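Before reading on, take a moment to turn the structure in front of you and look for its sheet and its helices. The paragraphs below walk through these parts in turn.

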Amino acid sequence: MRRDREFVTRSPEETIDLGRQLAPELVPPSLVLLQGELGAGKTTLVKGIVEEYSVTNREQVTSPTFTLIHEYRSPRVDIYHIDLYRVDTPRELETLAIDDLFGPRSLILIEWGEKFERFQRGSDVKILMERTGENDRKISIIQNYPIPRSPDV
């Protein structure tokens, strides 16, 4: 993925389409942070990513706010969509066993991961989503160059 790009979408459908366009660049193993306030469209973007990987259709992709982790598997990728909005402490984070999800086929998409420094340091890509109107979104893609992952990332 190229460094620092910006997009504007004007509808949920355009946000899904952008997710589809970005998916081929999010090659496993990758850790992607999705940042933005509530309602910014993070899960909507994930719908396009999941659909492009032919894991499931977009209607099956929902926010993991209460289940915390949704898993979507296909023959070529394992996508983990994680929402840490309700996770506040490192101890709570440990109970999710996210470290066990990392593997050569893993595409890990984390909403609210910025709450934990380890994900800030270890992410490959950050996708910043900003609501600029009722349906309009400004979406910034930032390529990180993480230090090699250690067992605690």
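A residue is called buried here when its relative accessible area is under 20%, and this cut-off will be needed when we come to the strand β5. The model you are looking at is a predicted one, so please keep that in mind as you follow the description.

We begin with the sheet, which is open and is built from seven strands in the order β1-β7-β6-β2-β5-β4-β3, with mixed pairing between them. At its edges lie β1, made of residues 5-9, and β3, made of residues 69-73, each of which pairs on one side only. Going from one strand to the next, the twist averages 15°.

Within this order, consider first the pairing of β6, residues 125-131, with β7, residues 137-143, which is antiparallel and extends over seven bridges. As an example that you can find in the model, I127 has I141 in β7 as its bridge partner. Helix α1, which covers residues 12-22, lies across β1, β6 and β7, and its direction is at about 150° to β1. Helix α2, residues 42-52, also packs on the sheet, where it touches β2, β3, β4, β5 and β6, and its direction makes about 165° with that of β5.

Now turn to β5 itself, which pairs with β2 in the parallel sense over five bridges and runs parallel to β4, to which six bridges join it. The residue L107 of β5 appears in both of these pairings, since S30 stands opposite L107, while I79 has L107 as its bridge partner. How many of the residues of β5 are buried? Six of the six are, and therefore the strand is largely enclosed by the rest of the structure. Both of its faces are covered, with S106, I108 and I110 buried on one side and L107, L109 and E111 buried on the other.

Finally, look at a single residue of helix α2, namely G48. Is G48 buried or exposed? With a relative accessible area of 0%, G48 is buried, because the cut-off for that word is under 20%. If residues up to four places away in sequence are not counted, G48 touches I16, G19 and R20. The chain also brings G48 and A23, which are 25 residues apart along it, to a separation of 7.7 Å between their C-alpha atoms.

How values were computed
Residues numbered from 1 in each chain as written. Predicted model: local features only at pLDDT ≥ 70, side-chain atom pairs only at ≥ 80, totals over all residues. Heavy atoms only, no water. Pairing = 2+ DSSP bridges. Helix = DSSP H or I, 4+ residues; strand = E, 2+ residues; numbered from the N terminus. Axes fitted to C-alpha atoms, helices over the stretch in contact; angles between N-to-C directions. Contact = heavy atoms within 4.5 Å. Buried < 20%, exposed > 50% of the residue type's maximum accessible area, 1.4 Å probe, protein only.
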